[in-house]
There are 2 protein chains.
Amino acid sequence: MSYDFLWQIALILISTKVFGLITRRFQMPQVVGALLAGLVLGPAVLGLLPSDSEMIKQLAELGVIVIMFSAGMETDIRDLKNAGKSGFLVAVLGVLVPLFGGAGLAAWLAPTENMLQNFFIGTVLTATSVSITVEALREMGCLQSRVGNTILAAAIIDDILGIIALTIMTSMGGSGESVVVVLLKIAAFLVVCCLVYVVGVKVMDWYIGRAKEKNLRRYPIAAFVVCLLMAWVAEEFFGVADITGAFAAGLMIGATKKAGYIASKMEPVQYLFLAPVFFASIGMTVVLPPMTTDIIVFSVLLVVVAVLSKWIGCGLGAKICGFSTKDCNRIGLGMVCRGEVALIVANKGAEVGLMPDALFGPVIIMVIISTIVTPILLKLAYKGESEMQLEESVLDDRMEELEQLDIVTDQLLTREQEIRGKNR
Amino acid sequence: MSYDFLWQIALILISTKVFGLITRRFQMPQVVGALLAGLVLGPAVLGLLPSDSEMIKQLAELGVIVIMFSAGMETDIRDLKNAGKSGFLVAVLGVLVPLFGGAGLAAWLAPTENMLQNFFIGTVLTATSVSITVEALREMGCLQSRVGNTILAAAIIDDILGIIALTIMTSMGGSGESVVVVLLKIAAFLVVCCLVYVVGVKVMDWYIGRAKEKNLRRYPIAAFVVCLLMAWVAEEFFGVADITGAFAAGLMIGATKKAGYIASKMEPVQYLFLAPVFFASIGMTVVLPPMTTDIIVFSVLLVVVAVLSKWIGCGLGAKICGFSTKDCNRIGLGMVCRGEVALIVANKGAEVGLMPDALFGPVIIMVIISTIVTPILLKLAYKGESEMQLEESVLDDRMEELEQLDIVTDQLLTREQEIRGKNR
């Protein structure tokens, strides 16, 4: 066994923290710094960290699962339900506008006349990657707001719409599952989530009530197990993203009696280990292929279309639902971020011959730029808000929900150490 | 990317907890249950968990690193120094007796007449694997005792003696580094550890004093980074075990002002994720080769020699240092456990032609049985002790150092939830 993962993880932890503190000094969210840390240390710039470490990839996947699990725990299902209607419209317009925007751009510039191929470029642009937005909103203390809940609801629906769009495209391309099967699977997944929610909360609360007050560690362990299983089941059996399963598990655990305790124990696992690996890994995967002038022009325009189409599409959806212009702006920007789903979709497209190899470079550039600009634009959209208050976040090291308690703990332990030292 | 690691980790977490609770009910340390969980779910019995997952192996390595890091944080360097003298004698006799015991057994039974090969079997028996003992002692609240410190000191010296023995054997076998180089490397490592300790504590305390009270998360992150780097440096540059480096890092962090806070944040990372993976992985790696009657007889005798030689050797060393018979017994038993180092040594031996393939099966059996019996025998050796009190442990879910505070936190958060619910 190679021991390289030890220094790699160490380098990721220290660099994401240092870069995060630097970006914070520039009034930018720390998540921007963490993303830049991965980009700088990865093959794109310094080449210190490898882009193909299976261990880092799997830890990163655990990281994003845990982030979405925590977002689920922080979300009240009633707020999510209330946000569902507007979330639906935001998601639908946020899928349609990029779909046609991307197709239009491809029809205009791409080296193909196949209509299906053009629409496939549009499909790549549909999937929002919400984890970066969640982290940015959390850092700004705005995750538990109407805007935050609408974005979360829209992102879940967006994930489902994205799967449907991909299925339609690939089945039209002559491969993949039938649309009916995919729809049935999604419906089944939603039923399973509801069942898990209703039964899970009851079982957990019964177990919590039954056990002795002192037996505490089993609850975070049980919660983490539920999170991992839901993530796996979503991905493996229902074709839904693992993070959607983890979010559903979080909603369930968040409704149990030990939610606060569980969250406080999941927190160090996130900020001390898994979340930094996830954020850094996004930048680390960037390996740019050689590019021609045509491809560079296409890349720039793809980024512009990707950002504007989501912004406008989702913002429009929010406007129709009666949000203020400011909040429409925020919702639109919050949905701009694209992630690994876009790359997965592009890969699937290549498999069925719908995605030209030359366009992989532009898609990678689109993913990385949309990921980095999202938290920056969100921060600007929230600038000067009085409601803005720093809150518990994966990366921030100033505040924790239990911060006061932590400081007290710390002082108690320091004193204990001193007393022990004196008694020698 | 395959998503199998999600259910694998979930299965490990739930099974180690459930098996641990079962063994606790039988008055046995939970670590025995965690080891059995891996054995039962692994290829040896049910075959549910794979024995060759690189991800699980690396997480397990992180697990044992974090366990030894925590043991270092809990250990006072002055106690360790005091225990050093007796630890040295315990280690020396604990290496010599198994070395000659194993060689004798091999000379008597093994299918070879090469003296060097016989002594190599003895060398395989020399390396103690202290992590299981650390966990068992922690569960029984006896890690921070004179016995606990002597075992820790002896295990560190044992690690170094084991490397020297292996080097002598392989260089006599015509391969490997020269003994002088190895000794110089070990000396250099000790110098580095001392430097890191003296400078590290000062730098950390200066940084802690300089920063604002509220910036807390950076300390556990910095501590974890130091732990990972020391583990890597030990393994990569000095040929010392990674866990020895992690232990040294723990000693250093444990002497800083924020030791208590850092330990409280490392704890969930251990018990919620990494430590169960480590304990389960030991059982999971057991894949028994087909065996003949001769080999089965040899296996049984190898186990007996492995257990008795360490027990007697280390116990004798402790007796000479003036420990009571009871404590000699405990120290001897605490050193019985063998681990992956024995397998690594066996592999190195096979590379230079000193280790017959047929004897790998017996070595594997010796490792797993010595690992499982150590915590059981230790528990029996401590039976009826009034000083025995349950303390913070990786696996135990009843007690934590901060347990009271946790319960208060939990109650506060539960109330907050209730109040929020009412205000709707």
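# A guided tour, starting at helix H15

Begin by selecting helix H15 of chain A, which is mostly covered, with 17 of its 22 residues buried. What you have open is a predicted model. The helix runs over residues 360–381, and from its first C-alpha to its last it reaches 31 Å, close to the 32 Å expected at 1.5 Å a residue. Now look along H15(A) for a change of direction: there is a bend of about 25 degrees at A:Thr374, and the proline A:Pro375 follows within four residues.

Next, select residues 360–381 of chain B, which form helix H15 of that chain. H15(B) has 22 residues and reaches 31 Å between its first and last C-alpha, close to the expected 32 Å. Its bend, of about 25 degrees, is at B:Thr374, with the proline B:Pro375 following within four residues. H15(B) is mostly covered, since 17 of its 22 residues are buried.

**Step back to chain A**

Switch to a cartoon view of chain A. How many helices and strands does its secondary structure have? You should find 16 helices and zero strands. Of the chain's 424 residues, 60% count as buried. Turn on a surface for chain A if you like: the accessible area is about 16300 Å², and 65% of that belongs to carbon and sulfur atoms. Contacts reach across the sequence too, because among those joining residues at least 6 apart, 79% link residues at least 24 apart, where contact means heavy atoms within 4.5 Å.

**Into the core**

Which residues have the most contacts inside the largest nonpolar core? Select A:Leu59, A:Leu62, A:Phe273, B:Leu59, B:Leu62 and B:Phe273 to see them; the core as a whole has 224 residues. Then centre the view on B:Phe273. Leaving aside neighbours within four places in sequence, B:Phe273 touches residues of chain A including A:Leu62, A:Phe224 and A:Phe273. Its contacts in chain B are with B:Ile9, B:Leu13, B:Leu59 and B:Pro268. Apart from this core lies another, of 28 residues; to find it, select A:Leu105, A:Leu116, A:Val124 and A:Leu125, which are among its members. As background, nonpolar side chains in soluble globular proteins tend to be buried together.

**A look at the cysteines**

A search of the whole structure finds zero disulfides over all chains. Show B:Cys142 and B:Cys328: the sulfur of B:Cys328 is the nearest cysteine sulfur to that of B:Cys142, at 16 Å. B:Cys142 counts as buried because its relative accessibility is 2%, under the 20% limit. Then select B:Cys193, whose nearest cysteine sulfur is that of B:Cys194, 6.9 Å away. Why is B:Cys193 in no disulfide? A disulfide needs two cysteine sulfur atoms within 2.5 Å, so that 6.9 Å separation does not qualify. B:Cys193 also counts as buried, at 14% relative accessibility.

**Two last stops**

Go to A:Ser2, in the segment before helix H1 (4–25) of chain A. Is A:Ser2 buried or partly exposed? At 41% relative accessibility, A:Ser2 counts as partly exposed. Draw a distance from its C-alpha to that of A:Asp327, 325 residues apart along the chain, and you will get 50 Å.

Finish at B:Glu351, in helix H14 (residues 340–351) of chain B. B:Glu351 is exposed, with a relative accessible area of 67%. Now add B:Thr170 to the selection: B:Glu351 and B:Thr170 are 181 residues apart along the chain, while their C-alpha atoms are separated by 9.3 Å.

Technical notes. Residues numbered from 1 in each chain as written. Chains lettered and ligands numbered in written order. Predicted model: local features only at pLDDT ≥ 70, side-chain atom pairs only at ≥ 80, totals over all residues. Heavy atoms only, no water. Helix = DSSP H or I, 4+ residues; strand = E, 2+ residues; numbered from the N terminus. Buried < 20%, exposed > 50% of the residue type's maximum accessible area, 1.4 Å probe, protein only. Areas by Shrake-Rupley, 256 points an atom, 1.4 Å probe, with all protein chains shown as cover. Core = buried A, V, L, I, M, F, W, Y, C linked by side-chain atoms within 4.5 Å. Expected span 1.5 Å × (residues − 1). Bend = angle between axes of the 7 residues up to and from the residue.
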